[in-house]
Amino acid sequence: MAFTTTSNFSGKAAGFYIAAALKQANSLDYLTSIENIKFKSNIQRMAGSGLVADATCDFTDAGTLALTEKVLEPKNLQINLDLCKKTLLDSWEALQMRAGAGAPPPASFDDYVISYMGEIIAQATEESIWAGTAVAGKFNGFSGAVTGLLLPGVDATVVQSAASAAYTAANIIANLQTLTADMAANVSAILRKEDLHIYMSPKTYALYVSAVSTLGYVNAYNMNGDYAPVFEGYKIAVCNGMLDNSVIAAEKSNMFFGTDLLSDATRITLMDMSQLDGSDNMRLVARYSAGVQTGVGADIVRQS
């Protein structure tokens, strides 16, 4: 079967595809996303103290307003992939042959290839958000070794909570209780915030489900679709890229993800090499940016 394809998307057009790819990283559902960062973005948080005073006829300055500022600088990343068209063509043709008159029309081969690239971008982004370090092909994440934004050697204001041991179904609840006790002792001002979550990995959540099921709580045996993941009233965010044996308590509004979806540097290109060198290969090129940052470290509790 002779088949050729050449597509080129840049700027806003590419941003549409990059945005769709990034949204496959489920951690972004629990982070505050800032789009269209060309270079850097300043994250500002204000905290007031003693601002309200008794009324008088005079103007009397009262209280303090502290402004904290951090810089979110997304890292420019790229994918350069040389791929034989047959690798994806067979599965794409299978989609075209789906049975049933009511079957939806198949996506174009270009869209199918872009979705394949999107999975690569999503997985890499998910991993870097939590475990990324300042090495090639990754951006610095929240809990990456040595340089993670929440580590005590990087941000000493982040509250560190100690786990008793590696998580198991037998100790996960006790460790989560240690976390919530540290939250109450150190970040009591945010305990009733609507966007407060306990972030954990799928494995850690599985251990929690096992522990709760063993205890025999009502509606907790099978964790059906009606069950909202919570612990002691705090919402649980299950993030695919989170590290095992670690949980983080933070507000969504205090955890940031940045990217640029409109820049000319953001682009996706599919090049059919058959017309250039006679091969049956195609080259996939994607350029985008991504990075994370925190707001107020003192409002975050990390356990490991």
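**Entry 1: strands β6 and β14**

I looked up how strand β6 is joined to strand β14 in this predicted model. I found three bridges between β6 and β14 (residues 301-303), and the two strands run parallel. For S161, I noted Q303 as the bridge partner in β14.

I then placed this pair in its sheet. The sheet is open and has six strands with mixed pairing, in the order β6-β14-β10-β7-β9-β8. I recorded β6 (159-161) and β8 (230-231) as the edge strands; each has a single partner strand, so one side of each is left without a neighbour in the sheet.

**Entry 2: the chain as a whole**

I counted the secondary structure as six helices and 14 strands. The chain has 304 residues, and buried residues make up 43% of them. I noted an accessible surface of about 15700 Å² for the chain, with 54% of this surface belonging to carbon and sulfur atoms.

I also looked at contacts between residues at least 6 apart in sequence: 75% of these join residues at least 24 apart.

**Entry 3: salt bridges**

How many salt bridges does a search of the whole structure find? I obtained five, and I followed three pairs, listed below by their residues.

I began with K38 and D260, whose side chains meet in a salt bridge at 3.6 Å, N to O. This pair links distant parts of the chain: K38 is in the loop between β2 (32-34) and β3 (41-49), D260 is in the loop between β11 (255-258) and β12 (267-272), and the two are 222 residues apart. Is D260 buried or exposed? I entered D260 as buried, because its relative accessibility is 4% and the cut-off for buried is under 20%. K38, in contrast, is exposed, with a relative accessible area of 58%.

Next I took E73 and K40, whose side chains meet in a salt bridge at 3.9 Å, N to O. E73 lies in the loop between β4 and β5 (75-84) and K40 in the loop between β2 and β3, so this pair ties together parts that are 33 residues apart in sequence. I recorded E73 as partly exposed at 42% relative accessible area, and K40 as partly exposed at 44%.

Then I examined K235 and E194, which form a salt bridge with their closest N and O atoms 3.3 Å apart. K235 lies in strand β9 (residues 234-238), while E194 lies in the loop between α4 (172-186) and β7 (196-200); the pair therefore ties together parts 41 residues apart in sequence. I noted that K235 is partly exposed, with a relative accessible area of 30%, whereas E194 is exposed at 63%.

**Entry 4: cysteines**

I searched the whole structure for disulfides and found zero. I looked up the accessibility of two cysteines, C57 and C239. C57 is exposed, with a relative accessible area of 87%. C239 counts as buried because its relative accessibility is 0%.

**Entry 5: a nonpolar surface patch**

Which residues form a nonpolar patch on the surface? I listed M46, L51, V52, L65 and L67, which together have about 590 Å² of accessible area. From this patch I looked up L65, which I placed in strand β4 (residues 64-72). L65 is exposed, with a relative accessible area of 56%; L65 can belong to the patch because patch residues need over 30% relative accessible area.

Note on methods: Residues numbered from 1 in each chain as written. Predicted model: local features only at pLDDT ≥ 70, side-chain atom pairs only at ≥ 80, totals over all residues. Heavy atoms only, no water. Patch = residues over 30% accessible without salt bridge, like charges linked within 9 Å, V, L, I, M, F, W, Y side chains within 5 Å. Areas by Shrake-Rupley, 256 points an atom, 1.4 Å probe, with all protein chains shown as cover. Salt bridge = Lys/Arg side-chain N within 4 Å of Asp/Glu carboxyl O. Helix = DSSP H or I, 4+ residues; strand = E, 2+ residues; numbered from the N terminus. Buried < 20%, exposed > 50% of the residue type's maximum accessible area, 1.4 Å probe, protein only. Contact = heavy atoms within 4.5 Å. Disulfide = S-S within 2.5 Å. Pairing = 2+ DSSP bridges.
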